[in-house]
Amino acid sequence: MYFLSEELFFPPVSEAYPDGILAIGGDLSAERLQLAYKSGIFPWFEEDEPIYWWSPNPRMVLFLDELVVSKSMRNVLNRNMLKVTFNENFREVISNCQKIKREGQNGTWITNDMIEAYCKLNEIGIAKSVEVWQNEELVGGLYGIDLGHIFCGESMFSKVSNASKVAFIGLANQLKKDNYKLVDCQVYNEHLESLGCREIPREDFMEILKSN
């Protein structure tokens, strides 16, 4: 286990434990967070815990050509009842991701300190959001880190059925137009798998990450 100091440093991701944890400590400064994501690392911890830094193996990703849009989702999109925007209300999106209740979880890993840290990244154009609106009300969305060739998804929320899927599909379609290589989804879950995401070896992910 690596214990980080004030020095801007992360160990190689190959040093991570089998569960993906790599280091502990440090801070959530804009400089450290940018270094983390560019190094294939992200923070994940709960309130009153020290900062834990992760680089899981395998890594859950979406190759943009592999996006799956089911027939039922195509019907949702074709009805045009949900409007998608990009980076119009980052703070509201991340705040909703913090507050939304999730099955099997007692609380959230998005602490108030994390909200402020990522809002600072949004101000300098590194962190970005996708919003989903219904009748001018924010009903879903997601946020993450934009590395220019990879979008590192962090969290999503949905207040109405399918809103987070609409956000993800909207993001993926836009990234494909802009010639991005993939969406980093970090770790496996069934919701993402249904959209075409799959696990790849961390070594393969790092090769793509460093290719830009």
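Select Met60 first: in this predicted model, Met60 stands opposite Gln186 of strand β10. Extend the selection to strand β5, residues 59-63, and to β10, residues 182-186. The two strands pair in the antiparallel sense, over four bridges.

Now add strand β11, residues 198-200. β11 also pairs with β5 in the antiparallel sense, here over three bridges. To find one point of this pairing, pick Val61, whose bridge partner in β11 is Arg198.

With β5 still selected, switch on a surface. Four of the five residues of β5 are buried, so the strand is largely enclosed by the rest of the structure.

Next, go to the helices. Select α2, residues 71-78, together with α5, residues 163-177. Their axes lie 11 Å apart and meet at a packing angle of about 85°. An angle of 65 to 115 degrees counts as roughly perpendicular, and α2 and α5 are therefore roughly perpendicular to each other. Show side chains at the contact: α2 contributes Met73, Val76 and Leu77, while α5 contributes Lys165, Val166 and Ile169. Coloured by class, this contact has five nonpolar residues, one charged residue and no polar ones.

Last, select Asn96, which is in helix α3, residues 90-99. Is Asn96 buried or exposed? Its relative accessible area is 8%, and because under 20% counts as buried, Asn96 is buried. Display its surroundings, leaving out residues up to four places away in sequence: Asn96 touches Leu138, Phe157 and Lys159.

Terms used: Residues are numbered from 1 along each chain as its sequence is written. This is a predicted model: local features need pLDDT of at least 70, side-chain atom pairs count only at pLDDT 80 or more; totals for chains, interfaces and linings use all residues. Side-chain values use heavy atoms; hydrogens and water are left out. Axes are lines fitted to C-alpha atoms, for helices over the stretch in contact, and angles run from 0 to 180 degrees between N-to-C directions. Angles under 35 degrees count as roughly parallel, over 145 as roughly antiparallel, 65 to 115 as roughly perpendicular and the rest as oblique. Contact means heavy atoms within 4.5 Å. Ala, Val, Leu, Ile, Met, Phe, Trp, Tyr, Cys and Pro count as nonpolar, Asp, Glu, Lys and Arg as charged, and the others, Gly among them, as polar. Buried means under 20% relative accessible area, exposed over 50%, partly exposed in between (1.4 Å probe, protein chains only). Two strands pair if DSSP finds at least two bridges between them.
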